[in-house]
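Me: I have a structure open and would like to talk it through. Could you help me read it step by step?

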Number of protein chains: 2
Amino acid sequence: MPSGLRSEREISNWDLSTDVCVVGLGAAGAAAAIDARGAGADVVVLERASGGGGTSALSGGVLYLGGGTSLQTACGFEDSEEDMYRYLMASVGAVPDEPKIRRYCEGSVEHFEWVKAQGVPYKETYYEGISGEPPTDDGLVFSGAEQTKPFCEIARPAPRGHVGMHPHQTGPLLMKHLCASTERSGACVEGDHRVTALVVDDDAAVVGVVAEQFGSERTVRARGGVVLTTGGFVLNDEMLRQYIPRALDCKLRVAGDGDDGSGIRLGVAAGAATLHMEKASISLPVTQPWGLKRGVMVNRHGQRFINEDTYYGRLGERALFHEGGRAWLIVDDEVFQEPDYCKEVAAVGESLAELERELSLPPGSLEATLGVYNRHAANGEDPVFEKQGKYLKPLTTPPYGAIDCTTENCLYAAFTLGGLVTDVEARVLDPEGAAIPGLFAAGRSSAGVCAGDYSSGLSLGDATFFGRVAGRLAARGR
Amino acid sequence: MPSGLRSEREISNWDLSTDVCVVGLGAAGAAAAIDARGAGADVVVLERASGGGGTSALSGGVLYLGGGTSLQTACGFEDSEEDMYRYLMASVGAVPDEPKIRRYCEGSVEHFEWVKAQGVPYKETYYEGISGEPPTDDGLVFSGAEQTKPFCEIARPAPRGHVGMHPHQTGPLLMKHLCASTERSGACVEGDHRVTALVVDDDAAVVGVVAEQFGSERTVRARGGVVLTTGGFVLNDEMLRQYIPRALDCKLRVAGDGDDGSGIRLGVAAGAATLHMEKASISLPVTQPWGLKRGVMVNRHGQRFINEDTYYGRLGERALFHEGGRAWLIVDDEVFQEPDYCKEVAAVGESLAELERELSLPPGSLEATLGVYNRHAANGEDPVFEKQGKYLKPLTTPPYGAIDCTTENCLYAAFTLGGLVTDVEARVLDPEGAAIPGLFAAGRSSAGVCAGDYSSGLSLGDATFFGRVAGRLAARGR
């Protein structure tokens, strides 16, 4: 057998026996445990850290939900399942998982009520001007590229970032409540347990796990199924080198200690297929506050390459994977304001020609790019990349500056999006598309709603949504 | 068991019994059969068509070899294993398979002698001006991006495209000789046999295959191993939609009837891992003859995006995957000559502004791009994309034209590069990196030397090279 897999025949004694064993207590694991308990199952949650929270507790805490949630309605926004569906199908990457997206959109309104029922508080106010978690305790934000081309023509824009009532990062708030709800549910939470192998019977069904606790082995039998919710692999350098070498250049890896791909590798050992392993969410939050969207982003050829008003995850993905992490946001004196995160200024010049020299861009390239941009911006137009009119202003007021968006000097925040292939029931599939009996996955251990191009809140959103699905189905038993 | 896999216990009778069973008689299969026979093994080759040749026989017939082959030396070119290695490591994609590339470079000189020994004739003359097979019967060409930036600074350029003595496509010549050599070797070649399943024993070792011939099933036992050489999956629309949706837009899929991914799916059913499934070779032969490299290629934003003198596979890869298949080669009256393949002219104008309007490019964008280009080209420089000096000429002689390089109107020729994971011994590996006993693969059923960015001849090159490796190792038995 491969490492990471054990035959049931080798297990002489089960230390614990339960219906559903959840591996990892982040947002997905909590959701799985709570709903498995709700369906009447016994649940054991094994977490390798001493307490729950995982990467979810270190996150911004945004959940991408829509279709007319109570929060959207209270804030005066109309949304429909169909608009949410169209936006996601168009925006999440070249090969969206249609059935999964459909299910996610159908269940989104109900899912938000479930999140509130776990005790997470939401203030029913909208915040404008940030693409992720706001600096205030407001509850609703635009967290993707809904308002920008081409998406604003594909689906009616609505803010779908649902954020707990806390300024800045609300991951701790979200996980405080989800972990408390997990405890209240009666799930047995065991910290300091690192799962090292899945246990399979003679029919290759997953019937339990082997975990390590303080150097000794513990075995847990799971009559209904094992749910892998261990996060992604952004902390595993070897896997990054194999799948996403560019991510190694990112200054920030958005991860708790656990995101080393362990759950993905366990699933693969049990015969699972993987998907989108080369995809990552790459945030480049240079256009925060939004006024900086009036700047012009250029690559090492002095060319624009994106509409600067789009979601900062799209900026990061393009800048890192297509432009090699070489980019600058050009501003003039009128447009400049201090960025929230990307504060390094690479160059300043009294003229664009001077700025171009300072940045070692090809002579004439920046002037040519700004020449075209300014000419159209003066008319409130951007025929090249179709930035929204409100962010169009000719850059003509010296001095000029270049905010450094190179990987060396700017914040690129990365986490992985690929993982185990699952179906809409969160069952883990083998390469032929058959479900592996007794094995489920949710969150970044799995390939989820996002197939490569991110919007804030999709990860916690599908983690909790499909975590619940996994918990309920595992509770039913085999 | 998944479809595509059978237990040995189910096989009541073996119709044939041999040491090595080769599945598919293209270049990789022939090489495997010949060398397995050379090592003393009994060999059965199963080919689903009525005769051998496969996609290899429809190809240009170029083999990418170097390090100082007898042909390179006879043509007066110096090359070294180290220069070939450095070029491949830098050029084949973001995650090159170092051990495989090292082995390929080490064995390249000997491998070419083997090819000649099979009877393939080579004329010891060099042809300049084409990036693949020449219109003459000359034997040696540049078939990659060796002479262009950045590669010419990384490794000393040498022509490494070895082409049989025949004008234009030499795939038929190559396969005529490799198939004849296979017959001479004493391998038993069975046409009209489509392999539908691999047969495994209780230890999951591959011990044979099940094939379909005219509607009835035949079983073949393979004591030493099964070698999968069935080609890629460019004819499988469902797999393309899953892995490379853009490839569906290409006018030409470079493939015989067999390239439906069958061998890859058989290997996966037996537990194999896959790699680079989202990668394809995309040829856009718009700069043939090479004089057209003096043109300027622009995207839908009116921007340049590549050094036009690079290998046409790099043009195609960038134009399709990064620019969405929207590109035009801008020429003036002095530079224009009739392209060999991409003959559609999208627009003609007496001025660049007129051309820009005709192409519906953003107003001013093309003029700005050509402004920068012409200014530097006049000095023999291209600081933006570093095209070689000999292809730099200001485009200032009207009328101007735009050669259509959109997927709708231009030849994009695609084949897939991803497949089963193999090691340097051509053994098929599972996701944990362990070899599946008795299973080998070569050619486009496997992920080979090329990890995404192509040079002509790499596919036939590694197919024949690692086909031989597979044949020899399988002949040794388990």
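Me: Is the crossing of helix 12 of chain A and helix 12 of chain B left-handed or right-handed?
Reply: The two helices cross in a right-handed way. Please keep in mind that this is a predicted model.

Me: Which residues make that contact?
Reply: Helix 12 of chain A contributes A:Ser365, A:Ala368, A:Gly371 and A:Val372. From helix 12 of chain B come B:Ser365, B:Ala368, B:Gly371 and B:Val372.

Me: And how many of them are nonpolar, polar or charged?
Reply: By class, four residues are nonpolar and four are polar, with no charged residues in this contact.

Me: What is the angle between the two helices?
Reply: Helix 12 spans residues 365-377 in each chain, and the pair packs at an angle of about 170°, with axes 9 Å apart. Angles over 145 degrees count as roughly antiparallel, and helix 12 of chain A and helix 12 of chain B are therefore described in that way.

Me: Now the chains themselves. What turn lays chain B on chain A?
Reply: A turn of 180° with a shift of 0.0 Å along the axis does so, giving an RMSD of 0.0 Å. The two copies are thus related as by a two-fold rotation axis.

Me: Which C-alpha of chain B is nearest that axis?
Reply: That of B:Ala368, which lies 2.6 Å from the axis.

Me: Why do you say the copies meet through the same surface?
Reply: Because 100% of the interface residues of chain B are interface residues in chain A as well.

Me: Last topic: how many helices and strands does chain A have?
Reply: Chain A has 13 helices and 21 strands. Its C-alpha atoms fill a box of roughly 75 × 45 × 35 Å along the principal axes.

Terms used: Residues numbered from 1 in each chain as written. Chains lettered and ligands numbered in written order. Predicted model: local features only at pLDDT ≥ 70, side-chain atom pairs only at ≥ 80, totals over all residues. Axes fitted to C-alpha atoms, helices over the stretch in contact; angles between N-to-C directions. Helix = DSSP H or I, 4+ residues; strand = E, 2+ residues; numbered from the N terminus. Parallel < 35°, antiparallel > 145°, perpendicular 65-115°, else oblique. Left-handed = near helix turned anticlockwise from the far one by under 90°. Contact = placed C-beta atoms within 7 Å. Nonpolar A, V, L, I, M, F, W, Y, C, P; charged D, E, K, R; others polar. Least-squares fit on C-alpha atoms with pLDDT ≥ 70 in both.
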